[in-house]
Amino acid sequence: MATTEKASSSSSNSNSSANDQPTSAPSSPKLGASRSGSPLLTVDPDSPMALTDADPNMLKCLVPIEVNTSYEVPTDRDYYINPPPRDRPVRLYCDGIYDLMHYGHMRALEQAKKSLPNVYLMVGMCNDKDTHARKGKTVQVDLERYESMRHCRWVDEVIPDAPWIVTQEFLDEHEIDYVCHDDLPYASAESDDVYAFVKAQGRFMPTQRTDGVSTSDLITRIVRDYDKYLRRNLERGMSPKDLNISFLKEQELNIQKQISAIRDQIKRNFQGTREDVVGELEDLKAELRHTKVFWEDRRQDIVRGFTSMFGSQVNKIFGRKRSDRDSISQNPETPSKKTRKSSEDLDSEAGPSGSAPESSSS
């Protein structure tokens, strides 16, 4: 079967260079540093590859993958795993479609490459004929998928036209020590688990699937925002014919674009008006606070000034009223001056005989 190897690993010295490396860690310090950063990613939220920091599974799955420097294999599975060879590179094999290759694919390959020291990683990829017949249409053609995989830093060899189901002949032909995949049963028309016979031989090395991303998920995101991407591509100069859309669809997208522009303009104006009103209210609040502080500071001065100017007269007035109240309370039978005056007025009007005055004749 024909093979396509990476440019950096296709030379005849690929096996010998692998023997010289104690582990499968990347040799480039620059590339190695890029894997040790924070698992949090910052991307355009409008991108179909957008990630959400609120997803705990996303944060968990992006933990950096450590290199296994020992030759110990997992022993906690319900199937046996053979001990690896130590006198030569361990030949691991991953297979798949790898359409729209994403970081979930990359991390699975990285796990395989780092699962043991001195790993030679092969990746088998099915052609379009088998894939379309068994799984459905792909976005990329097989040659594009092969070439994308060839540039993955963890892969030493790409095997095109790989069989859909791994056979014993294929294992023997490529001298495969382990087949790598997540260990959930992978059913097909021929079997409930296409890796069952590999597990039975102790030649299956499990990897952990990365949650939160898949080729189907990426396609779903694009389909969900189909009109947005059509408008974007039309704005970038693609013709309706290139996008396989009708004249009516093009006009509908243009109307949507205009409505979106008007909506954005209203939002900007509303935001500007709101910010102006909020600013004016804040200025008014600040002015009121300043006025309050000013008069609170002046209050004591005003009270002291008023007291110094009118304090004696105020005390005299209030003191006289207080003395009158005290005298009344002490002699309740003594009529007040006002009462005596009223009685004298009535006596003078009554006359000496005490009779009421006569009205004058006309």
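Start by selecting E147, which is partly exposed, with a relative accessibility of 35%. Keep in mind during the tour that this is a predicted model.

**Stop 1: a pair in helix 6**

With E147 selected, add R150. These two side chains form a salt bridge, and their closest N and O atoms are 2.6 Å apart. Why can you find both partners within about one helical turn? Because E147 and R150 sit three residues apart in helix 6. Side chains of opposite charge can pair when their charged atoms come close.

**Stop 2: the whole protein**

Now zoom out. How many helices and strands does the protein have? You can look for 13 helices and six strands. Of the 362 residues in the protein, 31% are buried. The exposed area is about 24,500 Å², with carbon and sulfur atoms supplying 53% of it. Next, think about contacts between residues at least 6 apart in sequence: 74% of these join residues at least 24 apart.

**Stop 3: the largest nonpolar core**

Select L92, Y93, C94, L109, V123, M149 and Y178. These belong to the largest nonpolar core, which has 39 residues, and they touch the most other members. To see where the core comes from, colour the elements that give two or more residues to it: among them are strand 2 (90–96), helix 4 (103–114), strand 3 (119–125) and helix 6 (142–150). Which strand gives the most to this core? Strand 3 does, with six residues. In soluble globular proteins, nonpolar side chains tend to be buried together.

Stay here and centre the view on Y93. Leaving aside neighbours within four places in sequence, its contacts include M122, V123, G124, I159, F170, Y178 and C180.

Then move to a second, separate core of five residues, where you can select L230, L234, L243 and I245, which are included in it.

**Stop 4: a salt bridge between distant parts of the chain**

Select D183 and R77. Their side chains meet in a salt bridge, with 2.7 Å from N to O. Where in the chain are the two partners? D183 is in the loop between strand 5 and helix 8 (196–200), while R77 is in the loop between helix 3 (56–61) and strand 2, and the two are 106 residues apart. D183 has a relative accessible area of 23%, so it counts as partly exposed. R77 is also partly exposed, at 35% relative accessibility.

Add D76 to your selection: D76, R77 and D183 are linked in a network of salt bridges. Across the model, the count comes to 13 salt bridges.

**Stop 5: along helix 12**

Now go to K249 and E252. They form a salt bridge whose closest N and O atoms are 3.8 Å apart. Both lie in helix 12, three residues apart, which is about one turn of the helix. Is K249 buried or exposed? K249 has a relative accessible area of 19%, so it counts as buried, the cut-off being under 20%. E252, at 36% relative accessibility, is partly exposed.

For the last selection, choose V277, L281, L284 and L288. Together they make a nonpolar surface patch of about 360 Å². L288 lies in helix 12 (residues 247–330). Is L288 buried or exposed? With a relative accessible area of 53%, L288 is exposed, because exposed means over 50%.

How values were computed:
Residues numbered from 1 in each chain as written. Predicted model: local features only at pLDDT ≥ 70, side-chain atom pairs only at ≥ 80, totals over all residues. Heavy atoms only, no water. Core = buried A, V, L, I, M, F, W, Y, C linked by side-chain atoms within 4.5 Å. Buried < 20%, exposed > 50% of the residue type's maximum accessible area, 1.4 Å probe, protein only. Helix = DSSP H or I, 4+ residues; strand = E, 2+ residues; numbered from the N terminus. Contact = heavy atoms within 4.5 Å. Patch = residues over 30% accessible without salt bridge, like charges linked within 9 Å, V, L, I, M, F, W, Y side chains within 5 Å. Areas by Shrake-Rupley, 256 points an atom, 1.4 Å probe, with all protein chains shown as cover. Salt bridge = Lys/Arg side-chain N within 4 Å of Asp/Glu carboxyl O.
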